[in-house]
Amino acid sequence: CGPGLERELAPELLAAGRVELVPAYSRVELPGLLERHHAGLFTSVAEGWGLSLSEMLESGMPVWATRAGGVPDLEAYFPGALLPFPPPLALQAGELPRVEPAPGYFERFSWGAIAARYELEVLLALASRSRR
């Protein structure tokens with residue numbers, strides 16, 4: 001979240017211990033960070049994709065998300081897991097579902113599949129340009 005977010009949150013929310021603010025973390029710390037959480041928040045208003053969104057969903061968390069970045073693309077692959085931001089204040093961790101991606105998710109969103117689609121788009125654009 002970067003530094004200083006604690007000034008933006010209600011003190012009682014932080015005092016309750018239900019929210020962990022992580023100003024920064026290294027890549028090697030990410031699996032442990034995802035493992036110790038029950039839900040994710042994706043609050044971006046201008047994110048291009050949101051790799052953190054994919055990582056939270058792939059780790060099994062429901063995510064309360066703004067409709068930015070990859071949210072519209074991922075909804076079909078994570079039905080019921082992308083919830084409108086903000087989450088309800090009275091939510092209990094035991095009420096949260098575990099999330100599993102729908103069939104076809106990894107075939108569409110793996111790095112190899114993304115690179116292959118990108119390469120195809122570039123080749124098609126170049127072929128179209130050379131016909132002019």
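**Exercise 1. Find what share of the contacts between residues at least 6 apart in sequence join residues at least 24 apart.**

Solution. Take contact as heavy atoms within 4.5 Å. Keep pairs in the protein chain at least 6 apart in sequence; 40% of these contacts join residues at least 24 apart.

The model is predicted: local features need pLDDT of at least 70, side-chain atom pairs count only at pLDDT 80 or more, and totals for chains, interfaces and linings use all residues. Residues are numbered from 1 along each chain as its sequence is written, and side-chain values use heavy atoms, with hydrogens and water left out.

**Exercise 2. Compare the radius of gyration of the protein chain with that of a compact globule of 132 residues.**

Solution. Use C-alpha atoms, and for the globule 2.2 Å times the number of residues to the power 0.38. The rule gives a value near 14 Å; the protein chain has 18 Å. Next, take the principal axes: the C-alpha trace spans about 65 × 30 × 30 Å.

**Exercise 3. Classify the ring pair of Tyr-77 and Phe-109, then place it in the chain.**

Solution. Rings of Phe, Tyr and Trp (its six-membered ring) pair if their centres lie within 6.5 Å; planes under 30 degrees apart are stacked, over 60 edge-to-face, the rest tilted. The structure holds five aromatic pairs. For Tyr-77 and Phe-109 the centres are 5.4 Å apart and the planes at 90°, so the pair is edge-to-face. Tyr-77 sits in the loop between helix H4 (71-74) and strand E3 (82-84), and Phe-109 in helix H5 (residues 105-109), so the pair ties together parts 32 residues apart in sequence. Helices (H or I, at least four residues) and strands (E, at least two) are DSSP runs, numbered from the N terminus. Finally, ring pairs link Tyr-77, Phe-78, Tyr-105, Phe-106 and Phe-109 into a cluster.
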